[in-house]
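Hello,

Here is the structure I promised to pass on to you. Please open it beside this email, and then read on for what I found.

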Amino acid sequence: MTPKDDLHIVRSFSEELQTLSNRIAVMGGVAEAQLASAITAIESRDSELAVRVVDGDSELDDMETDINAFVVRLLALRQPVAADLRHIVGALKISSNIERIGDYAANVAKRTQIVNQFPQVRPVGGVIEMARLVRGNVQAVFDAYVQQNVEKAHDVWRGDEAVDEMHTSVFQELMTLMLEEPDTVPACTHLLFMIKNLERVGDHATNIAETIQFLVAGKPISAERPKKSSAAEAHEQDADAFTTSLESPR
């Protein structure tokens, strides 16, 4: 093989890696748009928009399938090592997290269609505020991936604590209202599921931030994820148990 052939192979592989990055960026943009539309549907009580968000989730599923196939081909044909291998494996992990973000956005939209059948309740303002906070983290982490910006990824990673705190606050507000005004229970129940979905979106944004750190620097974030207080941990366990009981067959 001549030096010219070697150069061609290197250039071709670099182009394939860039194609992979571009596909991840596009997929991230679609997921962020889905989340933004789901939030708009909550704010405007737009059930038709919520339906479009649900229907659009299959696009993200197809994109993840295509990226998986592309990654398998790269691994088989190029046998990458070191930074190139991190780039490819990182993209695979990120695409999985993006697909889950889309799933949760669709779940929020499904709940919105039901909530819109009831009179609006006061805590919906907190739900929207939490959704905006989560969306900001999602936007930032996708920007961090495109820019390969570790510091921006770290900001998202640290920002997940604020999402957890907001989840705790809105959960308590919803539970209080349900106790004080039993006629709000149906709407509040679905809002509880919505904030849990939003909290999970925040977790996946944090996962992506950790993957960016690894694929850029070759090592995980050295610090542990911000620890919750014992009270916050107890709240999260109670919230999980409560929402799980609502989903379980009677």
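Below I go from the whole chain to single helices and then to a few residues.

**The whole protein**

Please keep in mind that this is a predicted model. The protein has 7 helices and 0 strands, so from the N terminus on its elements run α-α-α-α-α-α-α. Of its 250 residues, 46% are buried. The surface it exposes comes to about 12400 Å², and carbon and sulfur atoms supply 53% of that. Among contacts with a separation of 6 or more, 83% are between residues 24 or more positions apart.

**Helix α6**

A good place to begin is helix α6, which covers residues 185-217. At 1.5 Å a residue, its 33 residues should span 48 Å, and because the end C-alpha atoms are 48 Å apart, the expectation and the model agree. How enclosed is α6 by the rest of the structure? Largely, because 25 of its 33 residues are buried. Gly 218 follows α6, and its phi is positive, near 80°.

**The two loops around α2**

Helix α2 takes in residues 47-78, and there is a residue to look at in the loop on each side of it. In the loop between α1 (3-44) and α2 you will find Arg 45. Arg 45 is not a glycine, yet its phi is positive, at about 55°. With 29% relative accessibility, Arg 45 counts as partly exposed, because that class lies between the 20% limit for buried and the 50% limit for exposed.

Gln 79 sits in the loop between α2 and α3. Gln 79 also has a positive phi without being a glycine, here about 45°. Is Gln 79 buried or exposed? Its relative accessible area is 62%, so Gln 79 is exposed.

**Within α2**

Gly 56 lies in helix α2. Its relative accessible area is 18%, and Gly 56 is therefore buried, since buried means under 20%. Gly 56 and Val 30 are 26 residues apart in sequence, while their C-alpha atoms are 9.2 Å apart in space.

Leu 75 is in α2 as well, and at 34% relative accessibility it counts as partly exposed. Which residues join Leu 75 in a nonpolar surface patch? They are Leu 85 and Val 89, and the patch made by these three residues is about 190 Å².

**Ser 95 in α3**

Helix α3 covers residues 82-115, and Ser 95 is part of it. With a relative accessibility of 0%, Ser 95 counts as buried. What does the side chain of Ser 95 reach? It reaches the backbone oxygen of Leu 92, at 2.8 Å. Leaving out residues up to four places away in sequence, Ser 95 touches Ile 24, Met 27, Glu 64, Ile 67 and Asn 68.

If you have time for two stops, I would suggest buried Ser 95 and the patch with Leu 75, Leu 85 and Val 89. Enjoy looking around, and write back with any questions.

Best wishes

Note on methods: Residues numbered from 1 in each chain as written. Predicted model: local features only at pLDDT ≥ 70, side-chain atom pairs only at ≥ 80, totals over all residues. Heavy atoms only, no water. Patch = residues over 30% accessible without salt bridge, like charges linked within 9 Å, V, L, I, M, F, W, Y side chains within 5 Å. Areas by Shrake-Rupley, 256 points an atom, 1.4 Å probe, with all protein chains shown as cover. Salt bridge = Lys/Arg side-chain N within 4 Å of Asp/Glu carboxyl O. Helix = DSSP H or I, 4+ residues; strand = E, 2+ residues; numbered from the N terminus. Buried < 20%, exposed > 50% of the residue type's maximum accessible area, 1.4 Å probe, protein only. Polar contact = N/O pair within 3.5 Å; in protein donor to acceptor, adjacent residues only side chain to side chain. Contact = heavy atoms within 4.5 Å. Expected span 1.5 Å × (residues − 1).
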